Amino acid sequence: MTRKRRRLILVVTGLAALGVATGLILSAMGDSLVFFYSPSDLAEQHIPAGRHARIGGLVEDGSVQHTADGKTVHFKITDGKHDVPVVYTGGLPDLFREGQGVVAEGTVGDASELTATTVLAKHDEKYMPKEVVDALKKSGEWRGDGASPGASAAK
């Protein structure tokens with residue numbers, strides 16, 4: 001075997017190993033990625049059941065219902081055009097209430113219902129996640145209440 005052939009085999013083997021390593025890394029990252037959707041995005045894009053996602057918008061007025069066990073809450077997140085039913089079991093943030101900005105993270109069900117594992121509420125008067133503000137502006141529901149969109153993330 002000549003030196004050129006050995007060098008070619010070494011380069012091809014190295015590139016193949018690099019390709020396999022890249023594929024494994026991307027595969028592992030794909031399992032941990034969580035995408036943000038507005039209710040309209042969820043309705044238009046037909047997200048498959050079982051996908052992990054974050055849904056952001058406003059808690060729809062009159063939609064919050066507590067079950068008899070006191071642990072499970074049903075509510076809807078809306079962007080003014082579409083709404084997404086959410087089921088959450090656990091303690092809600094103190095600032096959670098109807099008409100407030102919220103981001104729920106969980107698994108999308110068959111009927112575009114979100115089974116949430118985490119619910120985040122607007123934490124003070126001047127902050128709302130940039131993704132929620134963008135989704136509300138896109139839908140025409142942004143109230144422009146003097147909030148600083150993404151204030152702490154704008155650095």
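How many salt bridges does a search of the whole structure find? The search finds two, where a salt bridge is a side-chain nitrogen of Lys or Arg within 4 Å of a carboxyl oxygen of Asp or Glu. Before you start clicking, note that this is a predicted model, in which local features need pLDDT of at least 70 and side-chain atom pairs count only at pLDDT 80 or more, while totals for chains, interfaces and linings use all residues. Residues are numbered from 1 along each chain as its sequence is written, and side-chain values use heavy atoms, with hydrogens and water left out.

**Stop 1: the salt bridges**

Select K138 and D41, whose side chains meet in a salt bridge at 3.7 Å, N to O. K138 lies in helix α3 and D41 in helix α2 (residues 39-45), so the pair ties together parts that are 97 residues apart in sequence. Helices (H or I, at least four residues) and strands (E, at least two) are DSSP runs, numbered from the N terminus. K138 is exposed, with a relative accessible area of 63%, whereas D41 is buried at 16%. Here buried means under 20% relative accessible area, exposed over 50%, and partly exposed in between (1.4 Å probe, protein chains only).

Now select E105 and R54, where the side chains form a salt bridge of 2.8 Å, N to O. This pair links distant parts of the chain, with E105 in strand β6 and R54 in strand β2, 51 residues apart. E105 counts as buried at 18% relative accessibility, and R54 as partly exposed at 34%.

**Stop 2: the end of helix α3**

Go back to helix α3 (residues 130-139) and pick S139. At 13% relative accessibility, S139 counts as buried. Try a distance label from its C-alpha atom to that of S40: the two are separated by 8.0 Å, though they are 99 residues apart along the chain. Leaving aside neighbours within four places in sequence, S139 is in contact (heavy atoms within 4.5 Å) with D79 and K81.

**Stop 3: the nonpolar core**

Next, show I55, F75, L114 and V119 as sticks. These residues have the most contacts inside the largest nonpolar core, which has 20 residues. Such a core is a set of buried Ala, Val, Leu, Ile, Met, Phe, Trp, Tyr and Cys residues joined through side-chain atoms within 4.5 Å. Colour β2 (52-59), β4 (72-78), β5 (83-89), β6 (101-108) and β7 (114-121), since each supplies at least two residues of this core. Which strand gives the most to this core? That is β7, with four residues.

Centre the view on I55. Not counting residues up to four places away in sequence, I55 touches F36, Y37, P39, L42, I77, V84, V102, V103, A104 and L114.

**Stop 4: two rings**

Rings of Phe, Tyr and Trp (its six-membered ring) pair if their centres lie within 6.5 Å; planes under 30 degrees apart count as stacked, over 60 as edge-to-face and the rest as tilted. By this rule the count comes to one aromatic pair. Select F75 and F96 to see the edge-to-face pair, at 4.9 Å centre to centre and 65° between the planes. F75 lies in strand β4 and F96 in the loop between β5 and β6, so the pair ties together parts that are 21 residues apart in sequence. Both F75 and F96 are buried.

**Stop 5: the surface**

Finally, turn on the surface and select M29 in helix α1. At 42% relative accessibility, M29 counts as partly exposed.
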